[in-house]
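Trainee: I am new to this structure and would be grateful for a close look at a single part of it. Please begin with the setting and then turn to that part.

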Amino acid sequence: MTLPKAQTKPLRFVKGGALHTLHDVPPDRTLLDVLREDLHRTGTKEGCGEGDCGACTVVVGHLQGGKLQTRAVNSCIKLAHSLDGMALWTVEDLAAPGGRMHPAQEALVQCHGSQCGFCTPGFVMSMAALCEQAGAKPLTRESAQQALSGNLCRCTGYRPILDAACQMQLLPPMPLDSPALRRQLKALAQSVAADKAAVAAPAQSTDSAYLAPSTLPELLALRQAHPDAQLVAGCTDVGLWVTKQHRQFARVLDTTRVDELRQVDRYPHHIAIGAAVSLQDAFAALVKDRPQLQSFADRFAGLPVRNAGTLGGNVANGSPIGDSMPLLIALGSNIVLASTRGYREMPLESLYTAYRQTCMAADEVLAYIKVPRPQRAELSRVYKISKRTEDDISAVCLALQLQIHKGKVTHASIGAGGVAATPARARATEAALRGQPWTEAMVRAAMDTLRAEFSPISDMRASGDYRRQVLGNLLWRFWLESHGQIATDIHRLDLELQA
Ligand SMILES: Cc1cc2nc3c(=O)[nH]c(=O)nc-3n(C[C@H](O)[C@H](O)[C@H](O)COP(=O)(O)OP(=O)(O)OC[C@H]3O[C@@H](n4cnc5c(N)ncnc54)[C@H](O)[C@@H]3O)c2cc1C
Ligand code: FES
Ligand code: FES
């Protein structure tokens, strides 16, 4: 059954140097469907339709402080209207008018990086974004691997593709950015703003089936007026409800244009991450304070999902196997919910009431995630157990933050994922550790407490027994690492004292 939908405003974006204006695009239509079915641009491929394979990767760009910011995203789970006012590149837009190929394309040819070719447009777009962002900075194999972490190839093998990604900089550059494009985007932004100003704001914007407010008060007013509208951020969860569950939304309320929610603010005692900050930027902010989190950040989905998805979406979605929540719980984070009635703040773990249920009221949104800055003598780690290293969801996730003074645990907070109906705090284990000596015997006792604290279910990712066993093992791993860390620290301190 097709739902009756309010009309949407025209969707405008710059593609291949030309301004496109599309009318009557339904609020829940994906960008991939617009490209392939409406615009008949079939270079972008559809593989999985769920953000997993990268065949549909495109590059989007917007102006930030006058500079063009580009990123690769999955068009199959991106709602088309989220592109309004932006620039878009698909594989058809890269070659120069005379036919000269983009360095990403040319390098793939030279390195024999394509066989059947189905995945190639997606790889080309991820590589083009990498090339654009790197500029003159030399590309490493590691940066290439990161950039291609969301692209799968089933026949060529990754070595020639990675070779191509590393070598594309040796070819004559072909930047996506240009003064002409920036002028176009500026003019487009002005006309979008003028359209907005020309209408009686709340009334007119309320009539649109795709609502993309740019301020928090506007978002809250719309949330109150339309509690039935589907709230979306990066759409990396919601997009699958459209493509896999065939759900339809008569109205969509998009948080990603709200300035206040797109900021990371650093304070002496905490950082406040806006709910609409992308996962990539949010993890960069967390890693700045705690560099040891980098490898965990790199294992959250693949780069196109991290570019589109938000930290707020991960937390609000409330999946028991969501990755950021165990970490945020262990770090002692609070969340701030906002509505036209005001703000309320609570520890993150208090948000969840049951499986995928939260205490958020129908007129509320998640506004900020407040993460404490590192403490002296803090030892923190997060471990993700999944079947694949990259682009996979956790079977079990364990995050720990301990403070150890003179061999005693003075503070312990532990977050766990994949072991209960919601992301959870391991309170019994925390209590078992607090005030105790940080010794092997103590840790072994705490491992038993941790294994007994949860009754995980068995599912396709892992059995309940395995999950329980792994939980304890991860605490053991933490002990071993912390032991090494403490030994290293003591050794370093000794050397400093001797010098
Ligand atoms: C291929 C793939 C790999 C993935 N890998 C991982 C992984 O490794 N680890 C992991 O944890 N997740 C993973 N995910 C899931 C997903 O990417 C994350 O949950 C992501 O953070 C969701 O954010 P979003 O902005 O896309 O949310 P959306 O899909 O836009 O929204 C998700 C939910 O949150 C709600 N919401 C969003 N913003 C707000 C707000 N401000 N206030 C209130 N409610 C809000 C929406 O209404 C919706 O119910 C993966 C997804 C895909 C497609
Ligand atoms: S089609 Fe597979 S990620 Fe989009
Ligand atoms: S070349 Fe065939 S899937 Fe990659």
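Mentor: What follows sets out the chain as a whole and then looks closely at one open sheet, one loop residue and one helix.

This is a predicted model, in which local features need pLDDT of at least 70 and side-chain atom pairs count only at pLDDT 80 or more, while totals for chains, interfaces and linings use all residues. Residues are numbered from 1 along each chain as its sequence is written, chains are lettered from A and ligands numbered from 1 in the order in which they are written, and side-chain values use heavy atoms, with hydrogens and water left out.

The chain holds 17 helices and 19 strands (DSSP runs numbered from the N terminus, helices being H or I of at least four residues and strands E of at least two). Its radius of gyration is 24 Å, close to the 23 Å of the globule rule for 499 residues, so the chain is as compact as a globular protein of that length; the radius is taken over C-alpha atoms, and the rule is 2.2 Å times the number of residues to the power 0.38. Of the 499 residues, 51% are buried, a term for under 20% relative accessible area, with exposed meaning over 50% and partly exposed in between (1.4 Å probe, protein chains only).

The open sheet has 4 strands in the order E16-E17-E18-E19, with antiparallel pairing. Strand E16 (378-385) and strand E19 (424-425) stand at the edges with a single partner strand each, so one side of each has no neighbour in the sheet. Strands count as paired if DSSP finds at least two bridges between them; E16 and strand E17 (residues 396-405) are joined in the antiparallel sense over 8 bridges. Within this pairing, Arg381 stands opposite Leu400 in E17.

The loop between strand E4 (67-74) and strand E5 (87-89) contains Ile77. Ile77 is buried, at a relative accessible area of 4%. Leaving aside residues up to four places away in sequence, Ile77 touches Gly49, Glu50, Gly51, Cys235, Thr236, Gly239, Leu240 and Thr243, where contact means heavy atoms within 4.5 Å. By C-alpha atoms, Ile77 and Gln184 are separated by 26 Å and lie 107 residues apart along the chain.

In helix H2 (residues 103-110), the buried residues include Pro103, Ala104, Gln105, Ala107 and Leu108. Their cover includes helix H3 (120-134) and helix H5 (158-167). Just after H2, His112 takes a positive phi of about 55°.
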